[in-house]
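This report considers one small sheet and the nonpolar core of the model shown below.

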Amino acid sequence: MSNTLTKDHLRQLRNHIEIIPLIADVLEIIFKTHDGRFRFMCPLCRDFDTAVNTDTNLARCFRCKRNFNPIDMTMAVKRYSFVQAVRFLEPILHHVVAHAKNRNRICAKHDRRQA
Ligand SMILES: [Zn+2]
């Protein structure tokens, strides 16, 4: 088994790639914001009877009665296999992690100044 398909790595892909930017900016799925709720066009049934849960980082289609994590969503939209979806998401995860590390460094510097 390849190193990139470890449970931990897959968990990172599911949890650290935020579902809304993934839908809106990366996969460019049609979406609308209605009454402050983000709704996307379900890649399976093309309906907008959908919602996202930013706590669990899952998107849901009420018509299909399906939850999509970032990997599921990528597979459905791009018609990728599981492994292809993981490969597609990896550079995005690296970007997110690099960004977070940078932010932590800045915070650490700031704390030292205050001490
Ligand atoms: Zn659907």
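## Sheet and core of the predicted model

In the hairpin of β4 and β5, four residues lie between the strands, and Lys65 adopts a positive phi near 55 degrees. This is a predicted model, in which local features need pLDDT of at least 70 and side-chain atom pairs count only at pLDDT 80 or more, whereas totals for chains, interfaces and linings use all residues. Residues are numbered from 1 along each chain as its sequence is written.

Helices (H or I, at least four residues) and strands (E, at least two) are DSSP runs, numbered from the N terminus. Two strands are taken to pair if DSSP finds at least two bridges between them. The hairpin of β3 and β4 also has four residues between its strands, with Asn57 at a positive phi near 60 degrees. The two antiparallel pairings are set out here.

| Strand pair | Bridges | Opposed residues |
|---|---|---|
| β3 (residues 50–53) and β4 | four bridges | Asn53 and Leu58 |
| β4 and β5 (residues 66–68) | three bridges | Arg60 and Asn67 |

A further bridge partner can be named: Thr50 is matched with Cys61 in β4.

Together the strands form an open, antiparallel sheet of three, in the order β3-β4-β5. Because β3 and β5 stand at the edges with a single partner strand each, one side of each is left without a neighbour in the sheet. On average, neighbouring strands are turned by 25 degrees against each other, direction ignored; the axes are lines fitted to C-alpha atoms, for helices over the stretch in contact, and angles run from 0 to 180 degrees between N-to-C directions.

In a regular strand the side chains alternate between the two faces of the sheet. Strand β4 (residues 58–61) has Ala59 and Cys61 on its covered face, and Leu58 and Arg60 on its uncovered one.

Ala59 appears again in the largest nonpolar core, which has 16 residues; Ala59 is among those with the most contacts inside it, as are Ile19, Leu22, Ile23, Met73, Ala76 and Leu89. At least two residues of this core come from each of α2 (19–26), α3 (70–78) and α4 (82–114). The largest share, four residues, is supplied by α3. Such a core is a set of buried Ala, Val, Leu, Ile, Met, Phe, Trp, Tyr and Cys residues joined through C-beta atoms within 7 Å, where buried means that 20 or more other C-beta atoms lie within 10 Å of the residue's own, with C-beta atoms placed from the backbone.

Leaving aside neighbours within four places in sequence, Ala76 is in contact (C-beta atoms within 7 Å) with Pro43, Leu44 and Phe68.

Notes
A residue is buried if 20 or more other C-beta atoms lie within 10 Å of its own, exposed if 12 or fewer, and partly exposed in between; C-beta atoms are placed from the backbone. Two residues are in contact if their C-beta atoms, placed from the backbone, lie within 7 Å.
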